[in-house]
Amino acid sequence: MAKPNKKGPTKTVDIFCASCNFLLFKYRKGGKGALVKSFKERINQDYTLESCICPKCQKPFAREALIRGLPAYKFIGGKVWFK
Ligand SMILES: [Zn+2]
């Protein structure tokens, strides 16, 4: 099967708030790089109530951005982690 992503199938990662470990997103992440942004169309599950704000500790963890014309979140450094 030909896929544009040469690293094989994209897997889903869980993205957590670095301050309180609240689960923010389930995200289909391509590749193995650091997590600096997420495209909204790749978010499988969104557990936030307000965009870019952790619902548990109320801290902002990202900013809305357009990346290559697609709506995305840019994570603020050190505010999230994933596994
Ligand atoms: Zn939090």
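Student: What makes two strands a pair here, and which sense and how many bridges join S3 and S6?

Tutor: Two strands pair if DSSP finds at least two bridges between them, and strands themselves are DSSP runs (E, at least two residues; helices are H or I, at least four) numbered from the N terminus. S3 and strand S6 (residues 70-75) have three bridges and pair in the antiparallel sense, so the requirement of at least two is met. Within this pairing, Phe39 has Ala72 in S6 as its bridge partner. This is a predicted model, in which local features need pLDDT of at least 70 and side-chain atom pairs count only at pLDDT 80 or more, while totals for chains, interfaces and linings use all residues. Residues are numbered from 1 along each chain as its sequence is written, and side-chain values use heavy atoms, with hydrogens and water left out.

Student: Why are S3 and S5 said to stand at the edges?

Tutor: Three strands form an open sheet in the order S3-S6-S5, with antiparallel pairing. Strand S3 (37-39) and strand S5 (62-67) each have a single partner strand, so one side of each is left without a neighbour in the sheet. Neighbouring strands of this sheet are turned by 30° against each other on average, direction ignored, where axes are lines fitted to C-alpha atoms and angles run from 0 to 180 degrees between N-to-C directions.

Student: How do you know that S2 pairs with S4, and what joins S1 to S2?

Tutor: S2 and strand S4 (residues 43-46) run antiparallel and are joined by three bridges, one bridge partner in S4 being Asp46, opposite Phe25. Strand S1 (residues 11-17) and strand S2 (residues 23-29) also run antiparallel, and six bridges join them, with Asp14 standing opposite Lys26 in S2.

Student: Why is the site of the zinc ion called tetrahedral?

Tutor: The zinc ion is coordinated by the SG atoms of Cys17, Cys20, Cys54 and Cys57 at 2.3 Å, and donors are N, O and S atoms within 2.8 Å of the metal (3.2 Å for Na, K and Ca). Four donors count as tetrahedral if all angles lie between 85 and 135 degrees; the angles here are 105 to 114°, so the site is tetrahedral. Cys20, in the loop between S1 and S2, and Cys54, in the loop between S4 and S5, are 34 residues apart and link distant parts of the chain.

Student: Why do Cys20 and Cys54 count as buried or exposed?

Tutor: Buried means under 20% relative accessible area, exposed over 50%, and partly exposed in between (1.4 Å probe, protein chains only). Cys20 has 19% relative accessibility and therefore counts as buried, and Cys54, at 0%, therefore counts as buried.

Definitions and conventions: Tetrahedral: all angles 85-135°; square planar, octahedral: opposite > 155°, others 65-115°.
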